Amino acid sequence: MGVKIGVGLFTGQLPSGSSRTFATEYRETLELVRRAEELGFDSAWVSEHHGSSDGYLPSLLPMLAAFAAVTERIELATGLMLTPFHDPLRLAEDAAVVDQISGGRLILGLGLGWRAEEFRMFGVPMRERAARTVETIEVLRRAWTGSRFSFQGEIFRYDRVKVTPPPARLGGIPIHLGGHAQRAVRRAGQLADGFIYIPDTGAEEEVKPALEHLAAGAREAGRDPDDIAFVWLQNTFVSRGPDALAAARSGIAHQIGAYQAWDESQDTPEHDSLEPPPPTDAELRSSTIAGTPDEVAMALERVLAPVADRRDVHLIVRLHYPGMDLASATRALELFGREVLPALRSG
């Protein structure tokens, strides 16, 4: 299996009642990323949300610049940056600077966003999110040529502007798109260098339609579907104990519960707090591949089987969850790196 294996998503969340500080969380995240590179992981990924009571990471490129300062080899990626909340020119500049700092290691994963509260917070109409994303991609690619350009879109208009410095990576920074809806997947096939897939269950019947829509979008744009990277984000946890899920249970519960809480309009002016509802044990286990190194390796091989024949596949495993201390996360990271990574790469 020629899969590249990364670690993430790092989200910087601190559940209510945690004794940890954000300074500690960020510092220990850098330590985990540095250790991940030593263990042979290929990339490290961060994710964005705004106005969350648990401090969900709102500023991705500064964090990736810090990642770049403590690493030398691994790629550094956003999964996802919420495109409608970013000015395209400023995003082009900031991303180019991070790419220069890292020596050409940035991947820019973009998404449309979905929380109404975040759109209200930034004063951006939700109806514009797709148009803003499509136009942003075009502006970014023009900007990263280093040449002066003009742009007339539905949302953005620029007159003879120039972005400097250019990215360090020849050809510009890879742009990946994420999404669940059929239209979003086809859009990735039409426009992006890669597609970021977040499975609900990891079942083959779920990923097959996504692959079909991705290929259809690529063919509509006259592109080879196999040229599009496929990025699979997967909750995991590994331990030698009888119940690997136990050490990560509270963090996983917060991670998946936060999305349900936001669906219930928490973290809004009317409900200015975040109380993630406790998931059932079945929900926890269906969200996360957990077990011994052998069990996790076998499970990951099974779920990746539908994409095993693609040329460019990235598996991004989460091994750190909200509120988790450095020692627990490091144990899981090292066990995965020493025993699961080799098994997946030799499979």
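This passage describes the overall build of a predicted protein model, then its nonpolar cores, one of its strands and one buried histidine.

The protein contains 11 helices and 11 strands. Along the principal axes, its C-alpha atoms fill a box of roughly 60 × 50 × 40 Å. A compact globule with 347 residues would have a radius of gyration near 20 Å, and because the protein has 19 Å, its value agrees with that expectation. Of the 347 residues, 56% are buried, and the accessible surface comes to about 14600 Å², with 50% of this area belonging to carbon and sulfur atoms. When contacts with a separation of 6 or more are considered, 73% of them are accounted for by residues that lie 24 or more positions apart in the chain.

The interior holds a largest nonpolar core of 88 residues, within which F41, L300 and F336 have the most contacts. Helix α11, spanning residues 326-346, supplies the largest share of this core, namely 8 residues. A second core, separate from the largest one, has 9 residues, including L9, W45, I107 and L233. The surroundings of L300 can be described in further detail: once neighbours within four places in sequence are set aside, L300 is in contact with Q234, T236, I289, L315, V317, F336, V340 and L344.

Strand β7, formed by residues 175-178, is covered on both faces, with I175 and L177 buried on one side and H176 and G178 buried on the other. This strand pairs with two others. Strand β4 (residues 106-111) and β7 pair in the parallel sense over 3 bridges, and here H176 of β7 is the bridge partner of G109. Strand β8 (residues 194-197) also runs parallel to β7 and is joined to it by 3 bridges, with F195 in β8 serving as the bridge partner of L177. Together with helix α6, which covers residues 182-191, strands β7 and β8 make a right-handed β-α-β unit.

A further residue that can be followed in the structure is H314, which is found in strand β11, a strand made up of residues 313-318. The relative accessibility of H314 is 5%, and therefore this residue counts as buried, the cut-off for burial being under 20%. If residues up to four places away in sequence are not counted, H314 touches V3, K4 and E75, and also A229, F230, V231 and W232.

Key:
Residues numbered from 1 in each chain as written. Predicted model: local features only at pLDDT ≥ 70, side-chain atom pairs only at ≥ 80, totals over all residues. Heavy atoms only, no water. Helix = DSSP H or I, 4+ residues; strand = E, 2+ residues; numbered from the N terminus. Buried < 20%, exposed > 50% of the residue type's maximum accessible area, 1.4 Å probe, protein only. Contact = heavy atoms within 4.5 Å. Pairing = 2+ DSSP bridges. Right-handed = clockwise from strand over helix to strand, strands pointing away. Core = buried A, V, L, I, M, F, W, Y, C linked by side-chain atoms within 4.5 Å. Rg over C-alpha atoms; globule rule 2.2 N^0.38 Å. Areas by Shrake-Rupley, 256 points an atom, 1.4 Å probe, with all protein chains shown as cover.
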